[in-house]
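Let's walk through this fold together, one element at a time. Have the structure open and turn it as you read.

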Amino acid sequence: MPRSLQAVYLKPLKRKAQHGYPSCDLQLRSYSVRNVEFYADFALRAAYYLHLPVLGPIPLPRVTERWTVPRSNFVNKTSQENFERITLRRLIQVLDGHPETVEIWLAFLRRHAYYGVGMKANIWEHESLGVGKTMDVSLENLKENLEPKWAHFGRRKNPATSERVYDMMNEDSLRHNSDAPLSG
């Protein structure tokens, strides 16, 4: 049997993290155990080939939802049906991953999404020291750029538009239809 075919029957390979800083948490959710386990295996194999060290799949607690519905609508209140929905979840945690590689991995998983499996990703980006000073400078630049736009917030185009509307309403063609003059 070829080596590539043998690998399908083995557990996915994993790379070891050097520092252990989390880069991304991917949570997979499904109502079917088979779907969520299959897709978790697929995600781990994709992470291995993109050189991403991962932990998981870590089983998270099940979410059980129950509700009761009457079987018919009038006098048969005592005849009810009970329904239950169990959501299974798995967590895959990427450690020490480069942000661009993590984005590529998530885009690959989104592109090859498996039916019945939902994904939610939390991504952490680490910045160098002193990033607060650069954010303060960019905030001042942003304020300067937004001030003219905030001054006309709620208006359609610019202040001249409201003046033109006022002039149009004071024209003779509109004024002879109404008794009271417009005040400004």
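Against which elements do the buried residues of α2 pack? They pack against β1, β2, β3, α3 and β4. Keep in mind that this is a predicted model; with that said, let's see how the pieces come together around that helix.

Start with the overall plan. The chain has six helices and four strands, and from the N terminus on its elements run α-β-α-β-β-α-β-α-α-α. Buried residues make up 20% of the 184 residues in the chain. Among the contacts with a separation of 6 or more, 76% are accounted for by residues 24 or more positions apart.

Now look at the sheet. Its four strands form an open sheet in the order β2-β3-β1-β4, with antiparallel pairing. The edge strands are β2 (54-70) and β4, each of which pairs on one side only. On average, neighbouring strands of this sheet are turned by 20 degrees against each other, direction ignored. Between β1 and β3, the antiparallel pairing extends over eight bridges, and leucine 26 stands opposite isoleucine 92 in β3. Helix α2 packs on this sheet, touching β1, β2, β3 and β4, and its direction makes about 10 degrees with that of β3.

Let's stay with α2 for a moment. Its 17 residues should span 24 Å at 1.5 Å a residue, and the end C-alpha atoms are 25 Å apart, which agrees. The buried residues of this helix are Asn35, Val36, Tyr39, Ala40, Ala43, Leu44, Ala46, Ala47 and Tyr48. The polar name in that list may catch your eye, so why does asparagine 35 count as buried? Its relative accessibility is 9%, and buried means under 20%. Leaving aside neighbours within four places in sequence, asparagine 35 is in contact with Ser30, Tyr114, Tyr115, Gly116 and Val117. One of these partners, glycine 116, is 81 residues away along the chain, yet the two C-alpha atoms are separated by 6.9 Å.

Next comes α3 (residues 99-111), a helix of 13 residues that reaches 18 Å from its first C-alpha to its last, close to the 18 Å expected at 1.5 Å a residue. Its buried residues are Val102, Trp105, Leu106 and Leu109. They cover an arc of only 95 degrees around the axis, which puts them on the same side of α3. The general background is helpful here: an α-helix has 3.6 residues a turn, so residues three or four places apart point the same way. The face of α3 turned away from its buried side carries the exposed residues Glu100 and Arg111. What covers the buried residues of α3 includes β1 (22-30), α2 (33-49), β3 (80-95) and β4 (117-123). Helix α3 lies across β1, β3 and β4, running at about 15 degrees to β1.

That leaves the two helices and their meeting. How do α2 and α3 pack, at what angle and how far apart are their axes? The angle is about 145 degrees, and the axes are 10 Å apart. Their crossing is right-handed. Residue by residue, Tyr39, Phe42, Ala43, Ala46 and Ala47 in α2 meet Trp105, Phe108, Leu109 and Arg110 in α3. Among these, Tyr39 is a buried residue of α2, and Trp105 is a buried residue of α3.

Technical notes: Residues numbered from 1 in each chain as written. Predicted model: local features only at pLDDT ≥ 70, side-chain atom pairs only at ≥ 80, totals over all residues. Heavy atoms only, no water. Expected span 1.5 Å × (residues − 1). Buried < 20%, exposed > 50% of the residue type's maximum accessible area, 1.4 Å probe, protein only. Arc of directions from axis to C-beta. Contact = heavy atoms within 4.5 Å. Pairing = 2+ DSSP bridges. Axes fitted to C-alpha atoms, helices over the stretch in contact; angles between N-to-C directions. Left-handed = near helix turned anticlockwise from the far one by under 90°.
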